[in-house]
Amino acid sequence: MDVFPDFDGLGGIGDLREVIGALLTFVLVIAVLMLIVCALIWALATANGQHAAATKARIGAWTALGAVVLAGGGVAWLNWLIDLGQQL
């Protein structure tokens, strides 16, 4: 049995894929840049004894890392589920 979702069943699905791909790229780029900036601020604030700023930067770095994992992992998980559905 060959079961696969019909992604072409809706009108304008190609445009929707392009928009989602662009948004995913935007999210990943911004999250990686946020991770770099927060890690830099975290290191500088810790080295200079600014514990409040280091705590906020650490929270920002973990949040950015979570956003990267969720955005990238969501796509991989969805592709895995689609492949699993084809095997059933």
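Which residues lie nearest the centre of the largest pocket? The structure is a predicted model in which local features need pLDDT of at least 70 and side-chain atom pairs count only at pLDDT 80 or more, whereas totals for chains, interfaces and linings use all residues. Residues are numbered from 1 along each chain as its sequence is written, and side-chain values use heavy atoms, with hydrogens and water left out.

Of the twelve residues that line the largest pocket, I20, L24, V75, L78 and N79 lie nearest its centre. The elements that give two or more residues to this lining are α1 and α2 (51-87), and α2 supplies the largest share, seven residues. The space in the largest pocket is about 310 Å³. A pocket is here an open set of points on a 1 Å grid over the protein atoms alone, where a 1.4 Å probe fits and protein stands on both sides within 12 Å along at least five of seven lines, and lining residues have an atom within 4 Å of a point; its volume is the space filled by probe spheres set on the points, which are joined across faces, edges and corners.

The protein has two helices and zero strands, helices being DSSP runs of H or I with at least four residues and strands runs of E with at least two, numbered from the N terminus. Buried residues, those under 20% relative accessible area (exposed is over 50%, partly exposed in between; 1.4 Å probe, protein chains only), make up 11% of the 88 residues. The accessible surface, obtained by the Shrake-Rupley method with a 1.4 Å probe, comes to about 6,700 Å², of which 73% belongs to carbon and sulfur atoms.

On this surface, F26, V27, V29, I30, V32, L33 and I36 make a nonpolar patch of about 620 Å²; such a patch joins nonpolar side chains (Val, Leu, Ile, Met, Phe, Trp, Tyr) within 5 Å, from residues with over 30% relative accessible area and no salt bridge, that is, no side-chain nitrogen of Lys or Arg within 4 Å of a carboxyl oxygen of Asp or Glu. L33 lies in helix α1 (residues 13-47) and is partly exposed at 47%. V32, also placed in helix α1, is partly exposed at 38%, and its C-alpha atom is separated by 9.4 Å from that of A61, 29 residues apart along the chain.

In helix α2, V68 is partly exposed, with a relative accessible area of 23%. Leaving aside neighbours within four places in sequence, V68 is in contact (heavy atoms within 4.5 Å) with L28, A31, V32 and G73.

Definitions and conventions:
Patches are made of residues with over 30% relative accessible area and no salt bridge: like charges are joined within 9 Å, nonpolar side chains (Val, Leu, Ile, Met, Phe, Trp, Tyr) within 5 Å.
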